[in-house]
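Open your viewer, set it to show side chains as well as the backbone, and keep the selection tool at hand. The stops below are meant to be followed in order, with time to turn the view at each one.

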Amino acid sequence: RRSAFGCCTAVITRAMVNFRANPEDASRIVADTARRDEIGIAERELGSMQRDIYSSLQQRARLVALGTAVAKIQHDLRNILSSAQLASDQLSKSEAP
């Protein structure tokens, strides 16, 4: 038989395990409750930490996407500049005035 405290800690533990399984799923963030006791404080703090982690993962994903876009732009610019350099080299070697 579980005490009221044991039941509440099981809920918090399950919320932590579920979030850890997929921290990029916002639906797994524990919801704040109106409880004023230690369990309520633990739930609010856990939710706050989960939101911070979720936010950091979202920012990381945006930075990865930005880095990928910048790498593609750099690649395209390098190709354009190489083509321009080849054309310039060929023009400088030609005998035309």
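A residue is called buried when its relative accessible area is under 20%, exposed when that value is over 50%, and partly exposed in between. Please keep in mind throughout that this is a predicted model.

**First stop: Glu-43**

Select Glu-43, which lies in helix α2, and ask whether Glu-43 is buried or exposed. Its relative accessibility is 8%, so Glu-43 counts as buried. To see what surrounds this side chain, add Ile-12, Val-30, Asp-32, Thr-33 and Arg-35 to the selection, since Glu-43 touches each of them, leaving aside residues up to four places away in sequence. Then pick the C-alpha atoms of Glu-43 and Ala-31, which are twelve residues apart along the chain and 7.6 Å apart in space.

**Second stop: along helix α2**

Now select residues 38-93, the whole of helix α2. With 56 residues at 1.5 Å a residue, α2 should span 82 Å, and the distance between its end C-alpha atoms, 81 Å, agrees with that expectation. Colour the buried residues of this helix, which are Ile-39, Gly-40, Glu-43, Leu-46, Gly-47, Gln-50 and Leu-57.

Stay with Gln-50, which is buried with a relative accessible area of 2%. Which residues does Gln-50 touch, not counting those up to four places away in sequence? They are Ala-15, Met-16, Phe-19, Arg-28, Ile-29 and Val-30.

**Third stop: a surface patch**

Move along α2 to Leu-63, which also has its place in this helix and which, at a relative accessible area of 51%, is exposed. Add Leu-66 and Val-70 to the selection, and you will have a nonpolar patch on the surface, in which Leu-63, Leu-66 and Val-70 together have about 290 Å² of accessible area.

**Fourth stop: salt bridges**

How many salt bridges does the model contain? The count comes to three, and each can be selected in turn.

Begin with Arg-51 and Asp-32, whose closest N and O atoms are 3.8 Å apart. Arg-51 lies in helix α2 while Asp-32 lies in the loop between α1 (4-21) and α2, so this pair ties together parts that are 19 residues apart in sequence. Both partners are partly exposed, Arg-51 with a relative accessible area of 36% and Asp-32 at 46%.

Next select Asp-25 and Arg-28, whose side chains meet in a salt bridge with an N to O distance of 3.3 Å. Asp-25 is partly exposed at 24%, and Arg-28 is partly exposed at 30%.

Finally, select Arg-35, one of the residues that Glu-43 touches, together with Asp-37, and you will find a salt bridge in which the closest N and O atoms are 2.4 Å apart. Here too the partners are partly exposed, Arg-35 at 30% and Asp-37 at 34%.

**Last stop: two cysteines**

A disulfide is a covalent bond between the sulfur atoms of two cysteines. The structure holds zero disulfides. Select Cys-7, and you will see that the nearest cysteine sulfur, that of Cys-8, is 5.3 Å away. In this model a disulfide needs the two sulfur atoms within 2.5 Å, so a pair at that distance does not qualify. Turn the view to compare their surroundings: Cys-7 is partly exposed at 43%, whereas Cys-8 is buried at 14%.

Note on methods:
Residues numbered from 1 in each chain as written. Predicted model: local features only at pLDDT ≥ 70, side-chain atom pairs only at ≥ 80, totals over all residues. Heavy atoms only, no water. Helix = DSSP H or I, 4+ residues; strand = E, 2+ residues; numbered from the N terminus. Buried < 20%, exposed > 50% of the residue type's maximum accessible area, 1.4 Å probe, protein only. Contact = heavy atoms within 4.5 Å. Expected span 1.5 Å × (residues − 1). Patch = residues over 30% accessible without salt bridge, like charges linked within 9 Å, V, L, I, M, F, W, Y side chains within 5 Å. Areas by Shrake-Rupley, 256 points an atom, 1.4 Å probe, with all protein chains shown as cover. Salt bridge = Lys/Arg side-chain N within 4 Å of Asp/Glu carboxyl O.
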